[in-house]
Amino acid sequence: MRALISAIILGVAGVAGSTASAADEDTLRAGKRVYMTKTCLACHGRNGAKPIMSYPALAGQNEKYLIEQLELIKSGERSGSVDPATGHPYIQGMADIMHLLSEDDIKNVSAWLAEQTPAAPEVLDPAPSEDELAAGAKAYKRLGCRSCHGKEGEKATNKAYPIIAGLDRDYLIRQMTDMREKVRTGGKVKLMFGVIKRADDEDIAAIATWLSQYDRTAD
């Protein structure tokens, strides 16, 4: 009798576990479908790891952060600088398609992107020197960036903060500059101002160069 009860309990646990796994798989499958059909691929590349121009790589990003940013863009609360080539905000392309995404779509695609393999570091030409990389690491440490984004930007201390290691250099420069100039708004950006206001253009460029060369595929 005891053996029968144990078998029943194990059987129920097994069903519950398989149901949870199936739900996870369904979420990831739905997230990939959103990514492939809602034009995300056009700018952020295959699996969110091969963006074009200076758009961010999204693969391996914190799920909670992605959800918040997509919701901010959809609501119009996130703003940023203007692309001189087009005369439109860099965020405009995203803002124009967000009506296509439901709340479930946002959650599903964020979950899927968070599970993707991060991009390899961009190849800079000319390649940064050891002195340039050291200057970036030094500025990052001096400004206290590691307290929120981790020792090398590779592991945020809060899932609502972004992983910034390995992102495109130009994208990083633009975002840090926008935050310093109070051009980027929405979400937790205000938490950055006390730090980034102390960074000059040289600091920002050095930090962005150093962060862009971090290889998250090796983690």
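## Exercises: helices and cores in a predicted model

Let's start with a meeting point: in α6, L133, A135, G136, A137, A139, Y140 and R142 touch D203, A206, I207, T209, W210 and L211 of α10. Contact here means heavy atoms within 4.5 Å, and helices (H or I, at least four residues) and strands (E, at least two) are DSSP runs numbered from the N terminus. This is a predicted model, where local features need pLDDT of at least 70 and side-chain atom pairs count only at pLDDT 80 or more, while totals for chains, interfaces and linings use all residues. Residues are numbered from 1 along each chain as its sequence is written, and side-chain values use heavy atoms, leaving out hydrogens and water.

**Exercise 1.** Work out how the residues of the contact of α6 with α10 divide into nonpolar, polar and charged.

*Solution.* Step one, get the classes: Ala, Val, Leu, Ile, Met, Phe, Trp, Tyr, Cys and Pro are nonpolar, Asp, Glu, Lys and Arg are charged, and the others, Gly among them, are polar. Step two, sort the residues: you get nine nonpolar, two polar and two charged.

**Exercise 2.** Describe how α6 and α10 pack, using the angle and the distance between their axes.

*Solution.* First, take the axes as lines fitted to C-alpha atoms, for helices over the stretch in contact, with angles from 0 to 180 degrees between N-to-C directions. Next, read off the values: the angle is about 110° and the axes are 7 Å apart. Finally, α6 is roughly perpendicular to α10, because that label covers 65 to 115 degrees.

**Exercise 3.** Find the largest nonpolar core and the helices behind it.

*Solution.* Start with the rule: a nonpolar core is a set of buried Ala, Val, Leu, Ile, Met, Phe, Trp, Tyr and Cys residues joined through side-chain atoms within 4.5 Å. Buried means under 20% relative accessible area, exposed over 50%, and partly exposed in between (1.4 Å probe, protein chains only). The largest core has 23 residues, and Y140, L172, M176, I207 and L211 have the most contacts inside it. Then look at the suppliers: α6 (130-142), α8 (169-180) and α10 (201-212) each give at least two residues, with the largest share, five residues, coming from α10. Zoom in on I207, which touches G136, A139, Y140, L143 and M176, not counting residues up to four places away in sequence.

**Exercise 4.** Is S75 buried, exposed or partly exposed?

*Solution.* First, locate S75: it lies in helix α3 (residues 63-75). Its relative accessible area is 44%, so S75 is partly exposed.

Definitions and conventions:
Angles under 35 degrees count as roughly parallel, over 145 as roughly antiparallel, 65 to 115 as roughly perpendicular and the rest as oblique.
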